[in-house]
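Work through the exercises below with the sequence and the model open. Each task is followed by a solution in steps.

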Amino acid sequence: MPKNKGKGGKNRRRGKNQNESDKRELVFKEDGQEYATVTRMLGNGRCELNCFDGVTRLGNIRGTMRKKVWISKDDIILVGLRDFQDSKCDIILRYTTDEARNLIKNGQLPPDTRLNEGADDNDEGDDIVFAEVEDTGLDENFDANRDIDVDGM
């Protein structure tokens, strides 16, 4: 039997929280880079992006970001454009909500940019608005015991 020389296996390493709790320096776009919002997640490290130059692209999450930085719908991200494929790009960085606000203040993003502020909340169904329906009195004539002729329809 081999002698254990380490301090645990991969589950121990997985449990460590190595996220940056302190503020990082705000990164602006350079040549060959663009800001984008995530339209939808496609799976396998890919997502559909709406870039701020008006083009919809397929984004590929870099290997150093996989399983470390979680990207979700409506996130503001920085992508690296490809010279040989205009319809595809690589995701370089995910901005937090505070960093995205700072980008808007610095004029890097349009002021009407929608930020993903409620990312932790389950907001399914929040867009549905029910209208008030007036009582038309048709329920008085309804008879549940009446037979319906299906063949005559």
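**Exercise 1. List the residues that Leu49 touches, leaving out those up to four places away in sequence.**

Solution. This is a predicted model. Take the contacts of Leu49 in sequence order.
- Step 1: Leu49 touches Ala36, Thr37, Val38 and Thr39.
- Step 2: Its contacts also include Val55, Thr56, Arg57 and Gly59.
- Step 3: Ile77, Val79, Cys89 and Ile91 complete the list for Leu49.

**Exercise 2. Find the residues of the largest nonpolar core, and state which strand gives the most to this core.**

Solution.
- Step 1: The largest nonpolar core has 12 residues. Leu49 belongs to it, along with Ala36, Val38, Cys47, Cys51 and Ile61. Met65, Ile71, Ile77, Val79, Cys89 and Ile91 are the other members.
- Step 2: At least two residues of this core come from each of S1, S2, S4 and strand S5 (88–94).
- Step 3: S2 gives the most, with three residues.
- Step 4: A second core is separate and has nine residues. Among them are Leu93, Ala100, Leu109 and Leu115.
- Background: nonpolar side chains tend to be buried together in soluble globular proteins.

**Exercise 3. Determine how strand S1 pairs with S2 and with S4.**

Solution.
- Step 1: S1 covers residues 33–43 and S4 covers residues 76–81. They run antiparallel, joined by five bridges.
- Step 2: For the register of S1 and S4, look at Gln33. It stands opposite Gly80 in S4.
- Step 3: S2 spans residues 46–51 and pairs with S1 over six bridges, also in the antiparallel sense.
- Step 4: Val38 has Leu49 in S2 as its bridge partner. Both residues are members of the largest nonpolar core.

**Exercise 4. Locate Asn44 and Lys67, and decide from relative accessibility: is each buried or exposed?**

Solution.
- Step 1: Most residues other than glycine have a negative phi. Asn44 has a positive phi near 60°. For Lys67, phi is positive too, near 65°.
- Step 2: Asn44 sits in the loop between S1 and S2. The hairpin of these strands has two residues between them.
- Step 3: Lys67 is in the loop between strand S3 (56–61) and S4.
- Step 4: The cut-off for exposed is over 50% relative accessible area. Asn44 has 64% relative accessibility, so Asn44 counts as exposed. Lys67 has a relative accessible area of 75%, so Lys67 is exposed.

Key. Residues numbered from 1 in each chain as written. Predicted model: local features only at pLDDT ≥ 70, side-chain atom pairs only at ≥ 80, totals over all residues. Heavy atoms only, no water. Pairing = 2+ DSSP bridges. Helix = DSSP H or I, 4+ residues; strand = E, 2+ residues; numbered from the N terminus. Core = buried A, V, L, I, M, F, W, Y, C linked by side-chain atoms within 4.5 Å. Buried < 20%, exposed > 50% of the residue type's maximum accessible area, 1.4 Å probe, protein only. Contact = heavy atoms within 4.5 Å.
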